[in-house]
Amino acid sequence: MSLEMTTVTAGYEGTPILRDVSCHVAQGEIVGVMGKNGVGKTTLLKTIMGLLEPDSGSVRYGDADLTDRSADERAGFGIGYVPQGRDVFPGLTVEENLLIGENVGSGDETLYDRVYEYFPILEERAGQDAETMSGGQQQMLAIGRALVGDPDLLLVDEPSEGVQPSIVQSITEDLARINDDLGTTILFVEQNLSVIQNLADRCYAMDKGRIVNELDDTDIENREKLAEHLVV
Ligand SMILES: Nc1ncnc2c1ncn2[C@@H]1O[C@H](COP(=O)(O)OP(=O)(O)OP(=O)(O)O)[C@@H](O)[C@H]1O
């Protein structure tokens, strides 16, 4: 199913952040969102996930109008969210963190097997306090937690943030493989040029709450062109 956001305006307590944002992601596509700090990238993902109510505009997924649906309902439609900073639950084990991502009552063990296949370290560390894992392992856990919800669309907020460079490459490959193997559509926010180049089919550039450019695969190969949208 494709995602379609149309002329969305959204913000926090009366302060507008997203201004008239329209974007789309086709089924099976991997689309990046880039831009400097504070331009509204996280706000865009939150609005798609239903964690922030838009002041105007609409969010549609396939035939469904999600605009007035809760985040839980959107998860039920097959949308998974990997938040910035990962937000693993401290004091809970890796396995308990994964359990939280499961759709209530699904009990589908194959979803765990799938997560452990992509991220064997999570099986090895199943009983470990999630908080004591490295940044990269926590990022894998956050992706795994979304995967046990069996999403068709994955929203991923800065997968490279706080992750050491050698692991960034491996997480990028994992996301590409998830898209390839499972057909999972991916919309991700990123400021790391290499991740964008290695992962995105297409990319939106944001500035001051607006989408100011759309880059196709040829544009994405051009590092200087990409960097224009990221330099602070
Ligand atoms: N909960 C909130 N309440 C009020 N203002 C917020 C809140 N969250 C974000 N903002 C503001 O909204 C603006 C956009 O933030 P957002 O997190 O969407 O940007 P971003 O592009 O994802 O940046 P970054 O890369 O730094 O995460 C910023 O000015 C930020 O201070």
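Is glutamate 95 buried, exposed or partly exposed, and how many other C-beta atoms lie within 10 Å? In this predicted model, glutamate 95 is partly exposed, because 16 other C-beta atoms lie within 10 Å, a count between the 12 or fewer of an exposed residue and the 20 or more of a buried one. Glutamate 95 belongs to helix α3, which spans residues 94–101. When neighbours within four places in sequence are left aside, the contacts of glutamate 95 are with Ala126 and Gly127. Glutamate 224 stands 129 residues from glutamate 95 in sequence, and the two C-alpha atoms are 42 Å apart in space.

The overall dimensions of the protein were considered next. The C-alpha atoms fill a box of roughly 45 × 40 × 30 Å along the principal axes. A compact globule of 232 residues would have a radius of gyration near 17 Å, and the 17 Å of the protein agrees with that value. The secondary structure consists of 10 helices and 10 strands. Of the 232 residues, 42% count as buried. Among contacts between residues at least 6 apart in sequence, 70% join residues that are at least 24 apart.

An open sheet of 4 strands shows antiparallel pairing in the order β2-β1-β4-β5. Strands β2 (15–25) and β5 (64–65) occupy the edges; each has a single partner strand, so one side of each is left without a neighbour in the sheet. Within this sheet, β1 (residues 3–12) and β4 (residues 56–61) are joined in the antiparallel sense by 5 bridges. Leucine 3 has tyrosine 61 of β4 as its bridge partner.

Two residues in this region have a positive phi without being glycine. Glutamate 13, with phi near 40 degrees, lies in the loop between β1 and β2. Glutamate 13 is exposed, because 4 other C-beta atoms are found within 10 Å, where 12 or fewer is the limit for that class. Aspartate 20 has a positive phi of about 55 degrees and is part of strand β2. With 14 other C-beta atoms within 10 Å, aspartate 20 is partly exposed.

Parallel pairing is found around strand β7 (residues 153–157). Strand β6 (residues 79–82) pairs with β7 in the parallel sense over 4 bridges, and isoleucine 79 stands opposite leucine 153 of β7. Strand β8 (residues 185–189) also runs parallel to β7, to which 5 bridges join it; here leucine 155 has leucine 187 of β8 as its bridge partner. Because 5 of the 5 residues of β7 are buried, this strand is largely enclosed by the rest of the structure. Both faces of β7 are covered, with Leu153, Leu155 and Asp157 buried on one side and Leu154 and Val156 buried on the other.

The largest nonpolar core contains 65 residues, and the members that touch the most others are Ile48, Val82, Leu141, Leu155, Leu187, Ile196 and Cys203. Helix α6 (residues 135–147) supplies the largest share of this core, with 6 residues. Isoleucine 196, one of the members named above, is in contact with Gly32, Met34, Glu190, Cys203, Ile220 and Leu226 when neighbours within four places in sequence are left aside.

Helix α1 (residues 41–49) contributes the largest share of the shell around the ligand, namely 3 residues. The residues around the ligand are Tyr12, Ile17, Gly35, Asn37, Gly38, Val39, Gly40, Lys41, Thr42, Thr43 and Gln84. By class, the shell divides into 3 nonpolar, 7 polar and 1 charged. Helix α1 is itself largely enclosed by the rest of the structure, because 8 of its 9 residues are buried. The buried residues of α1 are Lys41, Thr43, Leu44, Leu45, Lys46, Thr47, Ile48 and Met49. Lys41 and Thr43 therefore appear both among the buried residues of α1 and in the shell around the ligand. Glycine 50 follows α1 and has a positive phi, near 90 degrees.

Conventions: Residues are numbered from 1 along each chain as its sequence is written. This is a predicted model: local features need pLDDT of at least 70, side-chain atom pairs count only at pLDDT 80 or more; totals for chains, interfaces and linings use all residues. Two strands pair if DSSP finds at least two bridges between them. Helices (H or I, at least four residues) and strands (E, at least two) are DSSP runs, numbered from the N terminus. A residue is near a molecule or strand if its C-beta atom, placed from the backbone, lies within 6 Å of it. Ala, Val, Leu, Ile, Met, Phe, Trp, Tyr, Cys and Pro count as nonpolar, Asp, Glu, Lys and Arg as charged, and the others, Gly among them, as polar. The radius of gyration is taken over C-alpha atoms; the globule rule is 2.2 Å times the number of residues to the power 0.38. Two residues are in contact if their C-beta atoms, placed from the backbone, lie within 7 Å. A nonpolar core is a set of buried Ala, Val, Leu, Ile, Met, Phe, Trp, Tyr and Cys residues joined through C-beta atoms within 7 Å.
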